[in-house]
Amino acid sequence: MTRYKPGELHKRRSTWSEKNPTGQWRAYEYAELIARDKCSLDVFWLNDESLEASENLPAPDVIAGEIVEDLRAALEQFEAVEADLRARASTGSTSR
């Protein structure tokens, strides 16, 4: 929201330029907008690299298996933390 500056339009500054094509705030001239087919406001110039990488993802069952493994490992870690906290509570230890 800091770039958008609601209520302070005169303070807005573009972050996109030919030298900085990854800038995500860009101003357009009116003539440029209406020259587009159907006056589209599509931000085609903003390249989302994560979408390109999705073409090389493993099969859904492989992804699901990896998620299950990660969740099991996380659960084991939380169980260890819980056991440690219970042990500390039963001995009255509050130190870290």
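This passage walks through the helices, the surface and the charged pairs of a single chain.

The model is a predicted one. Its chain holds 3 helices and 0 strands, and reading from the N terminus the order of elements is simply α-α-α. There's not much hidden away here: of the 96 residues in the chain, just 5% count as buried. The accessible surface adds up to about 8,800 Å², and carbon and sulfur atoms account for 56% of that area. Contacts tell us about reach along the sequence. Taking the contacts between residues at least 6 apart, 6% link residues that sit at least 24 apart.

Next comes helix α3, which covers residues 60–91. This helix is 32 residues long, and the distance from its first C-alpha to its last is 47 Å. At 1.5 Å a residue one would expect 46 Å, so the span of α3 is close to the expected value. Right after α3 comes G92, whose phi is positive, at about 80 degrees.

Which residues pair up by charge? In general, side chains of opposite charge can pair when their charged atoms come close. The chain has 2 salt bridges by the rule used here. One of them joins E82 and R86, with 2.9 Å between the closest N and O atoms. Both of these residues belong to helix α3, where they are 4 residues apart, or about one turn of the helix. The other pair is R88 and D84, whose closest N and O atoms are 3.1 Å apart. R88 and D84 are likewise 4 residues apart in helix α3, so about one helical turn separates them.

Why does a spacing like that suit a pair? An α-helix has 3.6 residues a turn, so residues three or four places apart point the same way.

How buried or exposed are the paired residues? For the E82 pair, the relative accessible area of E82 is 39%, so E82 is partly exposed, while R86 counts as exposed because its relative accessibility is 58%, where the cut-off for exposed is over 50%. In the other pair, R88 has 28% relative accessibility and therefore counts as partly exposed. Its partner D84 is also partly exposed, with a value of 38%.

Put together, the picture is a chain of 3 helices in which α3 carries the bridge between E82 and R86 as well as the one between R88 and D84.

Note on methods
Residues numbered from 1 in each chain as written. Predicted model: local features only at pLDDT ≥ 70, side-chain atom pairs only at ≥ 80, totals over all residues. Heavy atoms only, no water. Helix = DSSP H or I, 4+ residues; strand = E, 2+ residues; numbered from the N terminus. Buried < 20%, exposed > 50% of the residue type's maximum accessible area, 1.4 Å probe, protein only. Contact = heavy atoms within 4.5 Å. Areas by Shrake-Rupley, 256 points an atom, 1.4 Å probe, with all protein chains shown as cover. Salt bridge = Lys/Arg side-chain N within 4 Å of Asp/Glu carboxyl O.
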